[in-house]
Amino acid sequence: MIDSEKKIVARLTAKNSLNECCYLIKDGSLQYKPMKTGEYKELSKIKNNYRWVIGVSKMFNPEFSKDRSGKSNAVALANLPLYHRTPAFMFQHDRDKWSYLGDYKYSVWYLRIREKERTESPFAGIVKIEKILITDNEIENGLESDLIDVISANIINERNPVCYGKDSRWANHLYPIYLTEQFLKSKYLSDLHFLNLF
């Protein structure tokens, strides 16, 4: 499945379908682990395909969000007001510990897309957004705040209509991703059908 995702991104890039006006939203993290097999086993070799791709995670560990002093930022994250984002931070895996993940940097930030009062937990309604830093300027200085704001505004626009009650993760869903997941699930065999095969 991961190799298929990378292949789709490569095809869209080859067709020039992705650009500064047409980003692709990938459901989940962009932090792929290198694979032993497959056409696109090392992200470092194909990272330029990801220039116009962002990863949006519905579920994340809030303890990984750190402030400038390296302490947990979970309380500030839980209290993030509606439509606000955290400052973006540059992230790179510890080369000694995680060298197999590749030598590249990300910009990561969190965005509240639902009111805290209407969700079941303080972190529901917050999404984690990632973008791989591609250009030398991005790697040196991070992403421009204006670009992060534009990406964040577009993510907020993709949160409606709401799929309330249809999924336990409703508060973190972006509607196009929710519809895609529903379409893919509709292609699976039902549990009852699967059990009757045996």
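**Notes on the sheet and the largest pocket**

1. Five strands (DSSP E runs of at least two residues, numbered from the N terminus) make up an open, mixed sheet in the order 1-2-5-4-3. Strand 1 and strand 3 (89–92) are its edges, each pairing on one side only; pairing here requires at least two DSSP bridges between two strands. From one strand to the next, the twist averages 35°, with axes fitted to C-alpha atoms and angles running from 0 to 180 degrees between N-to-C directions.

2. A quick word on the basis: this is a predicted model, where local features need pLDDT of at least 70, side-chain atom pairs count only at pLDDT 80 or more, and totals for chains, interfaces and linings use all residues. Residues are numbered from 1 along each chain as its sequence is written, and side-chain values use heavy atoms, with hydrogens and water left out.

3. Within the sheet, strand 2 (53–57) and strand 5 (126–132) run antiparallel and are joined by three bridges. If you want a pair to look at, Gly 55 has Glu 130 of strand 5 as its bridge partner.

4. Now the largest pocket, which holds about 680 Å³ of space. A pocket is an open set of points on a 1 Å grid over the protein atoms alone where a 1.4 Å probe fits, with protein on both sides within 12 Å along at least five of seven lines; lining residues have an atom within 4 Å of a point. The volume is the space filled by probe spheres set on the points, which are joined across faces, edges and corners.

5. Of the 17 lining residues, Glu 5, Lys 26, Asp 27, Thr 180 and Leu 184 are the closest to the centre of the largest pocket. Helix 7 (175–186) gives the most to this lining, six residues; helices are DSSP H or I runs of at least four residues.
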